[in-house]
Amino acid sequence: MSEERPQNESDEFEEIVEAETDRDPDLAVIEAGSRTLRAQSGPPQGDGIPARPADPEVDRALREVEGELAGRWPETKLDPSLVRIESLMDILGSPQRAYPSIHITGTNGKTSAARMIESLLGAFELRTGRYTSPHVQSITERISLDGAPVSAERFIETYQDIRPYIEMVDAQQEHRLSFFEVLTGMAYAAFADAPVDIAVVEVGMGGSWDATNVIDADVAVIMPISLDHTDRLGTTPEQIAVEKAGIVKQDATVVLAQQPVEAASVVLKRAVEVDATVAREGMEFGVLSREVAVGGQLLTLRGLGGEYPDVFLPLHGAHQAHNAAMALAAVEAFFGVGSQHARPLDIDTIRSAFASVTSPGRMEVVRRSPTVVLDAAHNPAGARAAAAAVTESFDFSRLIGVVGATEGKDVRGLLEAFEPIFAEVVVTGNSTHRAMDPDDLAAIAVEVFGPDRVQVEPRLDDALEAAITLAEEEGEYAGAGVLVTGSVITVGEARLLMGRG
């Protein structure tokens, strides 16, 4: 399948296979008959979180659009059909086919990887469109052009432009287009109108039946698969992988994170069926080394075209290093590295792009004295990654948790992941109808932490104040901190309360 690597290169890849990750390394020994990719050897600014429009009329118009969208099927409702979104794309003239795309699925890390991919492509002077979900604070975050969310005015204009066509599809179908289907149509139309050179698209939920899956992406990125949305996608990694592997299209390149063996086998089988090329983390690319640095970490990445040393990533945690490796491989694959040529991408451009990456609500520090960190972990795998990252990157003498979760999630698993690092936990809620009742959350927290370590504050602002007070009890210089987590919505609202956005 490829020439043998020199001994020193082979040794390096043995180290990658044994990399500092708790993901299952057995992927490295899976061979499924698919072709594998074995190469021989201006970025966005700010955090990308817009505030409400300053103009009252624009704010009113945006609220009207938000209200109309909210009146549709919620994005948490998965219908195994692409009929409605395909009808909308047809009537709009198939805008999703006006540009190439990179499609991203998986359980955790999708948004961070999408932002990294966007930054890398922008650094190579490509005009990008990025579609991600859910949003942290503003719905306009979901559709970005050139590394920044579209303005409220453009968001409203895009909706109004396609609204007549949305209504035509609504009238033809048994069920109206969902909230997520309309937003997806808006994103694809906005990208074609811009126009963009490439779209970076994050799956909403699953893959095969996700509304985003009307694109035929050149590169399919499959982030780590674990248990989440089990009521809709399946109760095992293998079942969930079947749904997520649906984004792999004919002759595409698959960039595959390290996975549980059963999940990897499903993806590789799909690659064989559609004659896709596979690049596997831990084999064709990966993290060669990483060390904690001020404000983030310093990485040496192995890409499809060679090594990329001294890459500063201003994000915390081993999981973000692996997200960076995935993003780099995806961009290399898009540029044909490993299949058409074996040259690495320009190292200075890569370094500049990664140094500019932001990922709001992911190990984000929003206050000092005491330090308050936000992380949108909402399932056990994400919680374990966050717990490891905060332990590695912050030398807290005592850590107070603020947890507001979403109904239907594996809350016990999430709390158990945080139990070893939280001295105390303040359980709370957020403003959405999907928020788990704080008393119900507290009942589980008491079972995990014991009654003496759990405090209930139904309002998030009260919970933040209580946690900061608990952290300050050790004194100004004692090094206590607060971690706010449990859901993207909780983190977004905490971000606003802490003066961001």
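The following questions and answers concern an open sheet and residue L121 in a predicted model.

Q: Which strands form the edges of the open sheet of six strands?
A: The open sheet has the order β12-β13-β17-β14-β15-β16, and its pairing is mixed. An edge strand here pairs on one side only. That description applies to β12 (364–367) and β16 (454–456).

Q: How many bridges join strand β14 to strand β15, and which residue of β15 stands opposite V403?
A: Strands of a sheet pair through backbone hydrogen bonds, in either a parallel or an antiparallel manner. Strand β14 (residues 398–403) and strand β15 (residues 424–427) run parallel. The number of bridges joining β14 to β15 is four, and the residue of β15 opposite V403 is V427.

Q: Which helix packs on the sheet, and what angle does its direction make with that of β16?
A: The helix touches β14, β15 and β16. It spans residues 438–449 and is named α14. The direction of helix α14 makes an angle with that of β16 of about 175°.

Q: Is L121 buried or exposed?
A: L121 lies in helix α4 (residues 110–123). Its relative accessible area is 0%. Buried means under 20% relative accessible area, so L121 is buried.

Q: What distance separates the C-alpha atoms of L121 and D197?
A: Leaving aside residues up to four places away in sequence, L121 touches several residues, including I198 and V200. D197 is 76 residues from L121 along the chain. The C-alpha atoms of L121 and D197 are separated by 9.5 Å.

Definitions and conventions:
Residues are numbered from 1 along each chain as its sequence is written. This is a predicted model: local features need pLDDT of at least 70, side-chain atom pairs count only at pLDDT 80 or more; totals for chains, interfaces and linings use all residues. Side-chain values use heavy atoms; hydrogens and water are left out. Two strands pair if DSSP finds at least two bridges between them. Helices (H or I, at least four residues) and strands (E, at least two) are DSSP runs, numbered from the N terminus. Contact means heavy atoms within 4.5 Å. Axes are lines fitted to C-alpha atoms, for helices over the stretch in contact, and angles run from 0 to 180 degrees between N-to-C directions. Buried means under 20% relative accessible area, exposed over 50%, partly exposed in between (1.4 Å probe, protein chains only).
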